[in-house]
Amino acid sequence: MSADPASKPQPRRFRPAGPLTGRVRVPGDKSISHRSLMFGALAVGETRVTGLLEGEDVLATAAALRAMGASIERRDDGAWHINGVGVGGLLQPDGALAMGNSGTSTRLLMGLVASHGICAVFTGDASLSGRPMGRVIEPLSQMGAAFEASPGGTLPLMLRGAHPAVPIEYRLPVASAQVKSAVLLAGLNTAGITGVIEPVPTRDHTERMLRGFGAKLDVEERDGAEGMERVISIHGEADLQPQDITVPGDPSSAAFFAVAASVVPGSDLIIENVGLNPTRAGLFEVLRQMGGSVEELDRREVGGEPVADLRVRHAALTGVEVDPAIAPAMIDEFPVLFVAAALAQGTTVTRGLEELRVKESDRLTAMADALRLAGAQVEERDDGLVIEGTGGDPLPGTSTAAGREAEITTHLDHRIAMSMAVAGLASRKGVLVDDTRPIATSFPNFSDLMAQAAGG
Ligand code: S3P
């Protein structure tokens, strides 16, 4: 988290609360916000962005782009204005690029720097410094960039970009939109065609937005060894045209409210303006499979993305076996899905989730530990959790009769903190979270909005 490392942890008890009602509007999509700033910074002229997520992760991207020559400012009308340097125009930054907690900023910016003739040092907080960067170092090295990374291919690392860089065709070894995007962004300033083969579809905001900015990008679907695969090709040395962008609400943030409203009796909540790109909307689908009541109202398009208001009502949830094929479309939503599972009737089985171990924390272990501490029955396996739900009864919570209370450890992971806040709402005695500071990375007004919806 990019909060001052010297600042103290902010523990907080999330108490049982009444039904969630009324209307809430979650902040802008984090993935789209990062990309709006990056592509705006590479266009010539002024890009205007409304609805940008003003969370620490996105602000880290803005600061890094400013350090490389882009002008980025928020005006009084709340819109962000970006004057770009043009593809190929990034400047040598003076100091290290401080990425805070943000894997997306780091991996996508590494892609951008890799094909510019500049050198950049990337640093991050304790969480980010433990995350694997080898997955982007590998393809970007093939394109000609040089790296000096910390042991295990981690931050801090130094990247010397290659200009000219060499176009490659790269088959993704892991389902990762960040790796896909890093290669495509490096390809923007590389003569020729750079291709990424994606055996499993992941979020496609980079593809949609690059096209919107005028890049020539082809997507071909073909039969591959593991089924249908996508081949995404970017034509290099592109000229990007500035855009007017409206960022839709983040489905990953809406997920906390959708689960909270599903599990707190009497809830009937409208979550406005939620992005429903099919590569992101898996959680809502799984909630429905569990018997949840998630209705889409006024489906429309915002900023080239499908959007709707979601009406979510309390419902008796039933455990399910989650199809691993849906995982990439809800990769960030498993922590909160585990909370829904802990309150459902019967068993929920998840598998194929090895990637969760390399997110902001090891989310399988972190959530297994956290839910057990709150009184849930959880079995941790190598690639997923098996959770026996309470059948709708509240979880006991972290309070003990003896008065000494165990704290949930968030491991600098915003989604662990918010998921366990939701568990607290549906508990008997509340859930004590050790540190709420990480929430500001993606959802600065989470607590206020939750208090507004839950009437307290
Ligand atoms: C993101 C991709 C995902 C996701 C992250 C945002 C993106 O990461 O977990 O929060 O904006 O491209 P991976 O690509 O590592 O799966």
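**View 1. Three helices supply residues to the shell around the ligand in this predicted model.** Start with helices α1 (30-42), α3 (103-114) and α5 (177-188), each of which brings at least two residues to the shell. Among these helices, α1 gives the most, with three residues. For picking atoms in your viewer, the residues around the ligand are Lys-30, Ser-31, Arg-35, Thr-104, Arg-107, Ser-176, Ala-177, Gln-178, Arg-203, Ile-331, Asp-332 and Lys-359. By character, the shell divides into six charged, four polar and two nonpolar residues.

**View 2. The ligand lies between two domains.** Domain 1 is built from two segments, 12-27 and 248-453, while domain 2 spans 30-246. Why does the ligand lie between them? Both domains give residues to the shell around the ligand, so its place is between the two. If you have a pocket search at hand, look at the largest pocket, where the ligand sits.

**View 3. Polar contacts reach the ligand's oxygen atoms from Ser-176, Ala-177 and Lys-359.** Which part of Ser-176 comes to 2.7 Å from a ligand oxygen? An N or O atom in the side chain of Ser-176 does so. With Ala-177, a polar backbone atom takes part, and the distance to an oxygen atom of the ligand is 2.9 Å. Lys-359 again uses its side chain, placing a polar atom 2.7 Å from an oxygen atom of the ligand. As for burial, the ligand on its own has 390 Å² of accessible area, and the protein covers 95% of that.

**View 4. Two cis peptide bonds precede prolines, Pro-156 and Pro-164.** Most peptide bonds are trans, so these two spots are worth a look. Leu-155 and Pro-156 are joined by a cis bond with omega of about -5°, and Pro-156 belongs to strand β9 (residues 154-160). From His-163 to Pro-164 the peptide bond is also cis, here with omega near 5°. Where is Pro-164 placed? Pro-164 is in the loop between β9 and β10 (169-171).

**View 5. Asp-298 and Leu-412 have positive phi values.** A negative phi is what most residues other than glycine have. Asp-298, which is not a glycine, has a positive phi of about 50°, and its place is in strand β16 (residues 293-302). For Leu-412, phi is near 60°. Leu-412 is found in a loop, the one between β20 (384-388) and α11 (414-425).

Methods
Residues are numbered from 1 along each chain as its sequence is written. This is a predicted model: local features need pLDDT of at least 70, side-chain atom pairs count only at pLDDT 80 or more; totals for chains, interfaces and linings use all residues. Side-chain values use heavy atoms; hydrogens and water are left out. A residue is near a molecule or strand if one of its heavy atoms lies within 4 Å of it. A polar contact is a pair of N or O atoms within 3.5 Å; within protein, one must be able to donate a hydrogen and the other to accept it, and residues adjacent in sequence count only if both atoms are side-chain atoms. Accessible areas come from the Shrake-Rupley method with a 1.4 Å probe; for residues, only the protein chains shown count as cover. On a 1 Å grid over the protein atoms alone, a cavity is a set of points where a 1.4 Å probe fits but cannot get out, and a pocket is an open set with protein on both sides within 12 Å along at least five of seven lines; lining residues have an atom within 4 Å of a point. A molecule sits in a cavity or pocket if more than half of its atoms lie within 2 Å of its grid points. Helices (H or I, at least four residues) and strands (E, at least two) are DSSP runs, numbered from the N terminus. Ala, Val, Leu, Ile, Met, Phe, Trp, Tyr, Cys and Pro count as nonpolar, Asp, Glu, Lys and Arg as charged, and the others, Gly among them, as polar. Domain bounds come from an automatic or database domain assignment.
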